[in-house]
Amino acid sequence: MQFNKKDILDIASLSCEEIAFILDTADKMKEISQRPVKKVPILRGKTVVLFFYEASTRTRSSFDIAAKRLSADSISLAASSSSISKGESLIDTAKNLQAMNADVIVIRHSASGAPHLLASQLKSGIINAGDGTHAHPTQALLDMMTVREKKGRLKGLRIAIIGDIAHSRVARSNIVGFNKMGAEVVLAGPPTMIPSGVESLGAKVFYDIDRAVEGADVVMMLRIQKERQKNFLFSTEREYAKVFGLNKQRLKRAKSDVIVMHPGPVNWGLEISPEFMESPGSVILDQVENGVAVRMALLYLVAGCTRNADTD
Ligand code: CP
């Protein structure tokens, strides 16, 4: 298949065929990461800028590792240590990075739509590493890769996504992605954390975690995003853990071969019991490993697309 996307902004703008192609490419990239020498020259001479306005461990380091495994040159720019702290705008900053011939700019921003703004004005490829509460497409792709790897398919699976749906760009991207690929998505959380109208994305809503977990093939727990909550949305952490937290007893309602996921960072003991740190059904670190493979695939595909545009 000819992949011709200059930018990866959200899951909604990818077709099922494009998602499957990215996951197939990521499977091949994972094999590279498992070699004794984890480096290939396919992006030699390309420049990747990691431009993060918000904190990150997994996304930023996995993009950096991904770029290095493909022999691209990567530089990392944090808002706090750049001229943004002197008042330079997002778009001016990005245009300066483009002027240095950045082939791909990976951006995380607290404002929904920031990557779309850059994509509309720059020739460099733009990859959304998380924008506000809107989208986190690379996380959804690594989640779909992990589920497909563990279950052999996506179609027909029941995916339960539990917790702070209102503030979760991971949830939004996963609802759209799993739906597109033929899975059933069910949500659960306190009413204060379920946005009205979320069913229109293609998910069924429960306010009782036990009903959502019933018969699930995959249970994905979400982090409580205290930094994005303007008001108190639950009474106490103890009560939240009791009513909406995942524990092994509660998981018995799911299918016997259920897998447990979490995008990280995890608040152990709040949204998920520490007994899942070492549990065989927990695939949280597999998600992290697959994050490198998915990001290698995306850098390769997007850099290839910008290269084609240059030579057209
Ligand atoms: N899952 C995720 O986006 O983690 P980071 O915030 O650490 O990148």
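**From the first residues to the domain interface**

F3 is buried, at a relative accessible area of 7%. That value falls under 20%, so F3 meets the cut-off for burial. The model is predicted.

Where does F3 lie? F3 belongs to the segment before α1 (16–33). Start with its ring. Under a centre-to-centre limit of 6.5 Å, there are three aromatic pairs. F3 and F21 form a stacked pair, because their ring centres are 6.3 Å apart and their planes meet at 20°. Stacking calls for planes under 30 degrees apart. The pair links distant parts of the chain. F21 sits in helix α1, 18 residues from F3. F21 is partly exposed, with a relative accessibility of 23%. F3, in contrast, is buried at 7%.

Stay in the segment before α1 and move to K6. K6 is partly exposed, at 24% relative accessibility. What does its side chain meet? A polar contact of 2.8 Å connects the side chain of K6 to that of D7. A polar atom of the K6 side chain also lies 2.9 Å from the backbone oxygen of L122. From K6 to T57 the C-alpha distance is 25 Å, with the two positions 51 residues apart in sequence numbering.

L9 also lies in the segment before α1. Is L9 buried or exposed? L9 is buried, since its relative accessible area is 14% and the limit is under 20%. Beyond its sequence neighbours up to four places away, L9 touches P115, H116, A119, I126, N128, A135 and P137. L9 and G125 are 116 residues apart in sequence, yet their C-alpha atoms are 10 Å apart in space.

Now take the whole chain. The domain assignment splits it in two. Domain 1 covers 16–135 + 288–311, and domain 2 covers 137–283. Their centres, taken over C-alpha atoms, are separated by 26 Å. How many residues are in contact across the two domains? On the domain 1 side there are 29 residues, and they are in contact with 23 residues of domain 2.

Next comes the interior. In soluble globular proteins, nonpolar side chains tend to be buried together. Here the largest nonpolar core has 64 residues. V106, L141, M144, I161 and L299 have the most contacts inside it. Which helix gives the most to this core? Helix α10 (residues 284–311) does, with 10 residues. Domain 1 and domain 2 both give residues to the core, so it lies between them.

V106 shows how this packing looks from one residue. Leaving out residues up to four places away in sequence, V106 touches V48, V49, L50, F51, F52, F63, I127, A129 and L299. One of these, L299, is itself among the residues with the most contacts inside the core. Another core lies apart from this one. This other core has 26 residues, including L233, L246, V258 and V260.

Polar detail appears as well. S62 is in helix α2 (residues 58–69). S62 is buried, because its relative accessibility is 5%. Its side chain makes a polar contact of 2.8 Å with the side chain of R295. S62 touches R295 together with G291 and V292, again leaving out residues up to four places away in sequence.

A charge over a ring is the next stop. The charged end of K248 sits over the ring of F276. The distance to the ring centre is 6.0 Å.

Finish with the backbone. Most residues other than glycine have a negative phi, and most peptide bonds are trans. Which peptide bond is cis? The bond from G264 to P265 is cis, with omega near -10°. P265 lies in the loop between β9 (259–261) and α10.

Two residues that are not glycine have a positive phi: S71, near 70°, and N101, about 65°. S71 is in the loop between α2 and β2 (73–78). N101 is in the loop between α3 (90–99) and β3 (104–109). Their surroundings contrast. S71 is buried, at a relative accessible area of 16%. N101 is exposed, because its relative accessible area is 60% and the cut-off for exposure is over 50%.

Terms used:
Residues numbered from 1 in each chain as written. Predicted model: local features only at pLDDT ≥ 70, side-chain atom pairs only at ≥ 80, totals over all residues. Heavy atoms only, no water. Phe/Tyr/Trp six-rings, centres within 6.5 Å; stacked < 30°, edge-to-face > 60°. Helix = DSSP H or I, 4+ residues; strand = E, 2+ residues; numbered from the N terminus. Buried < 20%, exposed > 50% of the residue type's maximum accessible area, 1.4 Å probe, protein only. Lys NZ or Arg CZ within 6 Å of the ring centre and 35° of its normal. Core = buried A, V, L, I, M, F, W, Y, C linked by side-chain atoms within 4.5 Å. Domains from an automatic or database assignment. Contact = heavy atoms within 4.5 Å. Polar contact = N/O pair within 3.5 Å; in protein donor to acceptor, adjacent residues only side chain to side chain.
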